[in-house]
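I opened this notebook to record what I looked up, one topic at a time. The entries are kept short, and each one stays with what the coordinates give.

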Amino acid sequence: MHLRAATELEFDHVLRLVASFARSEAGRSLVRHVNALPTAGEGVLSARLTLEVQTLLAEKGTLSFAGLDEAWPWLDPGAPPPQSIEELMALLALARRVASVRRTLLALPGELELLHDLAGRLPDTEGLVQWASARLGRDGRIPDSASAQLAALRRASARTRHEILERLEQIRRSSTSAVTDAPPTLRRDRYCLPVHRSARSALHGLVLSSSGSGATLYVEPYEIVELNNDLADAVAREQEEIQRILSEVASAFASRREELAGAAHVLARLDAAQAKAVFGRMVDGTVAVPGEASELILVDARHPLLDQRLSRLRQEVLDEPEGRALHPVVPLSLRLPEGVRTLLISGPNAGGKTVVLKTAGLFVLMAFAGIPLPAAAGTGIPAFERVLTHIGDEQDVSTDLSTFSGTMTAFAGILAKAGPGTLVILDELGAGTDPLEGAALGCAVLEELTARGALTIASTHLASIAMNASATRGMENAAMEFDETAGRPTYRLHIGRPGRSHGMEIAASVGLPAPVLTRAQELLGGQHLELEHWLKRLEQLEGELLDQKSRLARREQQLEEQYRVLSAERERLAVRRERLREELEAEREKLRQRARSQLDAVLAEIEKAEKERRHLGRKRREQLRAQAAALGEPSHERGQAGASGLQRGGTVRLRFLGGTGTVQQVRGSRIEVSVSGKRLWVDAGDVEPAPSGVPEPKVHQIQMQVNDSIPPEIHLRGMDVETAREELERYLDRAFAVGMAEVRIVHGHGTGRLRAMVREVLRTHPAVRSFSHPPQARGGTGATEVRLKGIGDE
């Protein structure tokens, strides 16, 4: 079933768009060949995996799957074992990728269960990578450290080569008239000297070859024949050792071929899921988990083959013509009223009926494949068991199948399978035969599908089918809107009433002669015109109701805004009232403290006088009584007194803040004080002259010790971005501290993320004077050379 539905709904085109976001051909193939409608359980897993990958992208960024395609041919059990170093390097790259992805997935939060499950299916290849990396250099050569025998052979070859070149240089200096100015060279893998043909007899040796012009002969002097033989023997034994090492590495990978093949399939699945998540990010998509909604709900849905955001992608992937004229995409919102199982859409030609049908069916297939839907939050997809469609013309001349007979054959197949859990999509119901018979058959098919519990979305131009839907329980009409003033459809769906075909209006807009139109209206008859009149009146009433609803909504929004403002003002006043209450309570406490202090002072003096048996005179008693009762603003009085004794430039101590400052200016009882480079106004009573001899602040010295043995180059390849960032910043700090003028950073090409991070760090690091990529011979864009500032430079 689902192949027909996928084809008619153009699901394969959408899969090609999504597949273009995969990083590997294996991932792209998984997306393109996804099952059109898997089981509900499989659909739920696909959707939840996409949701978890979206979280992964937000926290870790996109995963790289480089090397997966290159290693894929050698993972087939029937494939011959790899022999060349290039093939082994591809397998090593795959093992590195498996280790990297496994580390990333295991570091994710535990609630991402599906990703943790996939991490558990990836073998631990860290040991294999470490072992093979010691034998396969990143530059494609076998390093000397691969085996002690290889290192010894290469040392012997180097000594012999050095001895040969020294001997040749001696011969060259002693035979200057015979040899050319060119240095010693190789011919037939043997060292020799270029000799003038005319001086051939002056140098005894074997002629290995001659130049193209014949003027120069390449002669191997007899004195170095044995040395060349020794070198050839050492090189041959070196190649034998290299082949032994390659065979050892090939055997190691062959022993884990099954594990690596399983890991490659896991990486391909991750790549496919990541492609879906990236596609969803591009269209602001919503992942609808099948079955989480009990009804089909579309909110601001956009068909991906019409969405302007994907126009450039469709041109690249589907060869869509550039500048293709598309109708403006009006977001579709669809939700069937309660108890309705069949929705019948009617309206003008080219008004968007088929787009509504295809969008609904396509979104179901996309949801089951775990592909985010270009729709707003609130979109929901039920757990359908099957999708049955009939869209387009069934005519087939080769089988003598007419349009109508083909349609009836398709309807028979749909009725044989439809039932609860089925989504049925039917386009142009009742077309292809006599309108009366077509309408009768269309009504009967819809009634049967509704009775079986299938969810059906159909379109028609026949008013009699629409009238039957209005009168049948479980069915509802919907109309595609038409702008009569502009004479064109608006592509908006209105549920609750049938739509008019607007055939007469469209015919008039394209220039059909007026007499023909008049005659056509006469032939329609009064009953049809009466129906058209009431449908038009219904549209007008619906428009008026929608206008009123819109005005009420705006008024409600205004009232909500006013309520929000008033609530905020009420909250602000409540906060202010509470603050004033706290300030009042604090002021009361100050007054109480002041009164208690003054009373304590008076009582202390009286007590002292009693102990000393002194008599307090009447005048002094009155002063003490006034002092105890005085609760004015002593801070103001102190301020007046204090301000009179302060001058600009004087040093004062702040009573409440602590520390000292310098007086900048005095205005009445207010003083401007500079403290640690900051200026603030305080009451004169809050400062006092600083005592002389205030100790100077201590100056602390920091000594830093660094290790002078800093290498001139740092390698970041193979690190993740954050680890590389920490290593690079630490390295630049140390290099700057020891006074290095230039350093080199090797980050490789890869995905470009390490290179971008390096440029970001270098732009902001205070020790960097300038940086640039070296020439290709020194690494090109795979490395960055940096000039550092000297200590003390600005």
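The entries below cover a charged surface patch and then two backbone angles.

Entry 1, the surface patch. I kept in mind throughout that the model is predicted. I looked up which residues make up the negative surface patch, and found that Glu163, Glu166, Glu226 and Asp230 form it. I then checked the secondary structure behind the patch, where helix 9 (148-174) and helix 10 (225-255) each supply at least two of its residues. Of the patch members I followed Asp230 further, and I placed it in helix 10. Asp230 has a relative accessibility of 42%, and because the partly exposed class runs between 20% and 50%, I entered Asp230 as partly exposed.

Entry 2, Glu10. I turned to the backbone and noted that Glu10, although not a glycine, has a positive phi of about 60°. I located Glu10 in the loop that lies between helix 1 (2-8) and helix 2 (11-19). Is Glu10 buried, partly exposed or exposed? With a relative accessible area of 25%, Glu10 is partly exposed.

Entry 3, Asp284. I found a positive phi here too, with a value near 50° for Asp284, which is a residue other than glycine. Where does Asp284 lie? I traced Asp284 to the loop between helix 11 (257-282) and strand 5 (297-301). The relative accessible area of Asp284 is 56%, and since exposed means over 50%, I wrote Asp284 down as exposed.

Methods
Residues are numbered from 1 along each chain as its sequence is written. This is a predicted model: local features need pLDDT of at least 70, side-chain atom pairs count only at pLDDT 80 or more; totals for chains, interfaces and linings use all residues. Side-chain values use heavy atoms; hydrogens and water are left out. Patches are made of residues with over 30% relative accessible area and no salt bridge: like charges are joined within 9 Å, nonpolar side chains (Val, Leu, Ile, Met, Phe, Trp, Tyr) within 5 Å. Accessible areas come from the Shrake-Rupley method with a 1.4 Å probe; for residues, only the protein chains shown count as cover. A salt bridge is a side-chain nitrogen of Lys or Arg within 4 Å of a carboxyl oxygen of Asp or Glu. Lys and Arg count as positive and Asp and Glu as negative; His and the chain ends are not counted. The place of a charge is taken as NZ of Lys, CZ of Arg, CG of Asp or CD of Glu. Helices (H or I, at least four residues) and strands (E, at least two) are DSSP runs, numbered from the N terminus. Buried means under 20% relative accessible area, exposed over 50%, partly exposed in between (1.4 Å probe, protein chains only).
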